[in-house]
Amino acid sequence: MNQIPVAVLGATGSVGQRFISLLENHPWFKVVALAASDRSVNQKYSQATRWILDSPMPDYAKDMIIVPASVEAVQAKIVFSALHSDVAKELEPQFAKAGVAVCSNASAFRQADDVPLLLPEVNANHIHLITTQRKNKNWSGCIITNPNCTSTGLTVALKALDDAFGVKKVFAVSMQALSGAGYPGVSSMDIIDNIIPNINGEEEKVELEPRKMLGKYIESLVPPSSAGYDSAAGTPPRAFIEFADIKFSAHTNRVAVLDGHTVCASVALSTPQPDLQVVSDILRNYSAPESAKNLPSSPRPVISVREEADRPQPRLDRLTGKGMSTVVGRIREDSIFDIKFVVLSHNTIRGAAGGSIYNAELLVNEGLL
Ligand code: NAP
């Protein structure tokens with residue numbers, strides 16, 4: 001297969017660097033352009049970037065000259081967007097209009113009713129929303145998004161449980177890594193010896209995004225009317241997502257961990273108090289839909305279940321399955337809900353750059369590029 005030319009927007013940032021690292025030697029994609037802000041444009045990548053990963057900066061990127069994040073300067077079939085939401089809101093549609101597939105980490109379009117919010121191991125079929133998106137917007141490109149990094153691992157675990165038992169309610173408390181706030185993120189004086197019990201906008205995302213991803217893909221000529229859809233713009237959608245009827249309550253916290261978001265979750269099920277060994281087996285044996293199983297970035301395994309009383313831990317478990325697996329442990333009965341457990345996911349790999357690359361692989365595999 002000829003390699004597909006791709007670019008990274010926001011290449012110098014925390015997520016951008018993960019893209020640079022994960023795209024080195026990718027079997028399908030070749031990085032042809034790196035874009036960032038005016039601060040970095042016209043500099044070599046190695047000059048403009050303060051490299052924060054513990055693997056070395058790949059040689060291929062070092063001498064690439066950073067270009068502006070514009071359709072004129074970036075010639076690629078796929079752009080991976082690691083832009084902040086306000087910038088993404090303006091720039092991503094310009095690329096989609098120009099025929100480019102935008103695989104975005106930003107929250108700007110996650111809740112638009114014709115934009116897929118994707119975790120391929122959960123809702124690969126939602127990618128077909130882009131057919132409606134292309135009709136609605138008259139674009140030959142498209143925008144596809146991955147969820148916020150705290151929703152990611154939680155939603156993978158909930159999908160396995162929802163298929164087996166039906167999920168009714170979720171109470172979730174996160175302990176989120178510093179890299180989730182970008183670089184330089186939270187000041188060391190604020191986070192050492194401390195926990196910050198608020199991450200702006202995060203709780204709302206954790207309470208809404210899983211409902212879209214666990215929702216049903218429906219093809220219809222009738223537009224959706226229920227709450228949760230952004231039906232403000234344009235013609236009625238031909239396909240839409242019916243959000244899952246699950247109630248969420250989330251608390252989100254920043255903790256002094258470099259990478260890896262941990263979430264403690266209590267879950268009420270339609271099948272009350274299932275056998276805990278059965279729950280563990282359901283999670284361990286969960287497999288991705290056929291179309292998302294054998295892609296270069298497919299998580300192997302999708303879910304790793306730890307039996308030890310003190311796992312998962314971010315430092316020890318975040319790189320399970322090259323950082324793409326969801327790690328679950330401490331599965332036990334819950335005296336208010338039905339079960340409770342701890343879930344861990346690498347926020348800049350599965351929760352960001354790795355997730356976007358996995359989405360792009362699905363797009364190519366489905367013949368939708
Ligand atoms: P970051 O470290 O602050 O990086 C931001 C990047 O955007 C930098 O490369 C910056 O370039 C570039 N940029 C800023 N303004 C620009 C402009 N006007 N035009 C072009 N490029 C511009 O942020 P991050 O943590 O990587 O997050 C990036 C996005 O991913 C955000 O939307 C975030 O919410 C999302 N996300 C992050 C995570 C995570 O774990 N970090 C997880 C999921 C989603 P300069 O260096 O030149 O300023």
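## Around the ligand

In this predicted model, 27 residues surround the ligand. The closest are Thr-12, Ser-37, Arg-39, Ser-40 and Leu-83. Sorted by class, the shell holds eleven nonpolar residues, 15 polar residues and one charged residue.

## Polar contacts

Three residues place a polar atom by a ligand oxygen, as the next distances show. Gly-10 does so through its backbone: a polar backbone atom is 3.1 Å from an oxygen atom of the ligand. Gly-182 also uses its backbone, where an N or O atom lies 3.4 Å from a ligand oxygen. Asn-347 uses its side chain instead, with a polar atom 3.1 Å from an oxygen atom of the ligand. The cut-off for a polar contact between N or O atoms is 3.5 Å.

How much of the ligand does the protein cover? On its own, the ligand has 910 Å² of accessible area, and the protein covers 81% of that.

## Where the ligand sits

The ligand takes up the space of the largest pocket. Which elements give two or more residues to the shell around the ligand? They are α1 (14-22), α4 (85-97) and α12 (349-365).

Now look at the domains. Domain 1 is made of two stretches, 4-148 and 353-365. Domain 2 spans 151-346. Both domains give residues to the shell, so the ligand lies between them.

## Backbone features to spot

Most peptide bonds are trans, and most residues other than glycine have a negative phi. Some places in this model depart from those habits, as the next cases show.

Start with the cis bonds. The peptide bond from Arg-300 to Pro-301 is cis, and its omega is near 0°. Where is Pro-301? Pro-301 is in the loop between α10 (276-284) and β12 (303-305). The peptide bond from Arg-311 to Pro-312 is cis too, with omega near 5°. Pro-312 sits in the loop that runs between β12 and α11 (314-317).

Then turn to Asn-138. This residue is not a glycine, yet its phi is positive, at about 60°. Asn-138 is found in the loop between α6 (129-137) and β6 (142-145).

Conventions. Residues are numbered from 1 along each chain as its sequence is written. This is a predicted model: local features need pLDDT of at least 70, side-chain atom pairs count only at pLDDT 80 or more; totals for chains, interfaces and linings use all residues. Side-chain values use heavy atoms; hydrogens and water are left out. A residue is near a molecule or strand if one of its heavy atoms lies within 4 Å of it. A polar contact is a pair of N or O atoms within 3.5 Å; within protein, one must be able to donate a hydrogen and the other to accept it, and residues adjacent in sequence count only if both atoms are side-chain atoms. Accessible areas come from the Shrake-Rupley method with a 1.4 Å probe; for residues, only the protein chains shown count as cover. On a 1 Å grid over the protein atoms alone, a cavity is a set of points where a 1.4 Å probe fits but cannot get out, and a pocket is an open set with protein on both sides within 12 Å along at least five of seven lines; lining residues have an atom within 4 Å of a point. A molecule sits in a cavity or pocket if more than half of its atoms lie within 2 Å of its grid points. Helices (H or I, at least four residues) and strands (E, at least two) are DSSP runs, numbered from the N terminus. Ala, Val, Leu, Ile, Met, Phe, Trp, Tyr, Cys and Pro count as nonpolar, Asp, Glu, Lys and Arg as charged, and the others, Gly among them, as polar. Domain bounds come from an automatic or database domain assignment.
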